[in-house]
Amino acid sequence: MLHPHGGIFWVEKSMLLISDVHLGKVAHFRKFGAAVPQKAIHKNFILLDEIVHHFQPFQVCFLGDLFHSSLNKEWQLFENWVSKTPSEIVLVAGNHDIIAPEKFEVLDIEIIQELEIDGFLLSHHPMERKGFFNFCGHIHPAVRLHGSGRQRLKLPCFFKKPSQLILPAFGEFTGTFALEPSKMDEVFVLVEDQVVKI
């Protein structure tokens with residue numbers, strides 16, 4: 001099940017997949033003088049609360065880049081969020097996950113490099129492995145839409161290839177990278193609290 005916040009719920013496993021939250025990025029940029037609104041820090045936690053409450057998963061699996069930078073004050077907010085979230089939490093390590101594993105262990109969060117489960121490969125970077133369908137992140141996928149009146153939109157999306165699905169970045173302050181779909185690809189855009197196949 002695809003959710004407009006950018007997560008996927010695997011019903012049979014009661015597992016919620018989320019990628020590229022980039023917690024700590026707002027505080028990191030504010031520290032160096034960027035004019036990012038303070039309220040942007042809390043938006044990620046609001047979205048996380050909403051999607052977890054909606055699905056009530058047994059397990060939340062973050063597909064990398066959970067925390068953007070080294071420790072900053074957003075880590076305390078994350079600790080508070082974990083303490084009130086009943087789901088088991090697993091982190092598939094991404095390139096931005098540089099915080100010491102011991103900090104996650106204290107929170108009972110397991111860190112793994114990848115996960116193979118029932119013919120599915122969960123990873124941060126897009127991967128191809130014979131016999132597996134890959135769920136991944138890292139790219140922050142989006143597509144460009146053009147209207148007949150020269151309208152242009154760039155929308156985040158779930159980007160599905162024959163043996164892979166790239167999740168959109170969940171984080172509120174992450175940016176996107178436009179991909180050009182081929183005839184074999186399927187695109188599901190996030191727009192106005194809906195997931196729309198185009």
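Is Leu2 buried, partly exposed or exposed, and what is its relative accessible area? In the predicted model examined here, Leu2 has a relative accessible area of 30% and is therefore partly exposed, since it falls between the 20% under which a residue is buried and the 50% over which it is exposed. The residue belongs to the segment that precedes strand β1, and, when neighbours within four places in sequence are left aside, Leu2 is in contact with Gly7, Ile8, Phe158, Phe188 and Val195. A further relation across the sequence is that between Leu2 and Val196, which are 194 residues apart along the chain, whereas their C-alpha atoms are 9.8 Å apart in space.

The overall architecture of the protein chain comprises four helices and 14 strands. Its radius of gyration is 17 Å, close to the 16 Å that the globule rule gives for 198 residues, so the chain is as compact as a globular protein of that length. The C-alpha trace spans about 50 × 45 × 30 Å along the principal axes of the chain, and buried residues account for 48% of the 198 residues. When contacts between residues at least 6 apart in sequence are considered, 67% of them join residues that are at least 24 apart.

With regard to the surface, the accessible area of the protein chain comes to about 10500 Å², and 54% of this area belongs to carbon and sulfur atoms. The chain carries 19 positive and 23 negative side chains, and a distance of 10 Å lies between the centres of the two sets.

Helix α3, which covers residues 74-83, contains the buried residues Glu74, Trp75, Phe78, Trp81 and Val82. Viewed down the axis of α3, these buried residues fall within an arc of 115°, and they therefore line one face of the helix. The face of α3 that is turned away from this buried side carries Gln76 and Ser83, both of which are exposed.

Helix α2, formed by residues 39-55, includes Asn44, and this residue has a relative accessible area of 2%, so Asn44 is buried. Apart from residues up to four places away in sequence, Asn44 touches Val21, Leu23, Phe170, Gly171 and Glu172. One of these partners, Gly171, is placed in the loop between β11 (164-166) and β12 (177-178), and, with a relative accessibility of 9%, Gly171 likewise counts as buried. The contacts of Gly171, again without residues up to four places away in sequence, are with Asp20, Val21 and Asn44, so that Val21 is touched by Gly171 and also by Asn44. Leu23, which is among the residues touched by Asn44, lies 148 residues from Gly171 along the chain, with a separation of 7.2 Å between the C-alpha atoms of the two.

Attention may next be given to backbone geometry in the loops. Most residues other than glycine have a negative phi. Against this background, Gln56, although it is not a glycine, has a positive phi of about 50°, and the residue is found in the loop between α2 and β3 (59-62). The relative accessibility of Gln56 is 59%, and the residue therefore counts as exposed. A positive phi of about 50° is also found at Glu192, which is not a glycine either, and which is located in the loop between β13 (186-191) and β14 (194-197). Glu192 has a relative accessibility of 70% and so counts as exposed.

Two further loop positions were examined. Val11 lies in the loop that joins β1 (8-10) and β2 (15-18), where its relative accessibility of 46% makes it partly exposed. Between Val11 and Ile166, which are 155 residues apart along the chain, the C-alpha separation is 18 Å. Ala100 is situated in the loop between β4 (88-92) and α4 (101-106), and at 34% relative accessibility Ala100 also counts as partly exposed. Ala100 and Glu186 are 86 residues apart along the chain, and their C-alpha atoms are separated by 37 Å.

How values were computed:
Residues numbered from 1 in each chain as written. Predicted model: local features only at pLDDT ≥ 70, side-chain atom pairs only at ≥ 80, totals over all residues. Heavy atoms only, no water. Buried < 20%, exposed > 50% of the residue type's maximum accessible area, 1.4 Å probe, protein only. Helix = DSSP H or I, 4+ residues; strand = E, 2+ residues; numbered from the N terminus. Arc of directions from axis to C-beta. Rg over C-alpha atoms; globule rule 2.2 N^0.38 Å. Contact = heavy atoms within 4.5 Å. Areas by Shrake-Rupley, 256 points an atom, 1.4 Å probe, with all protein chains shown as cover. Lys, Arg positive; Asp, Glu negative; His and termini not counted. Charge placed at Lys NZ, Arg CZ, Asp CG, Glu CD.
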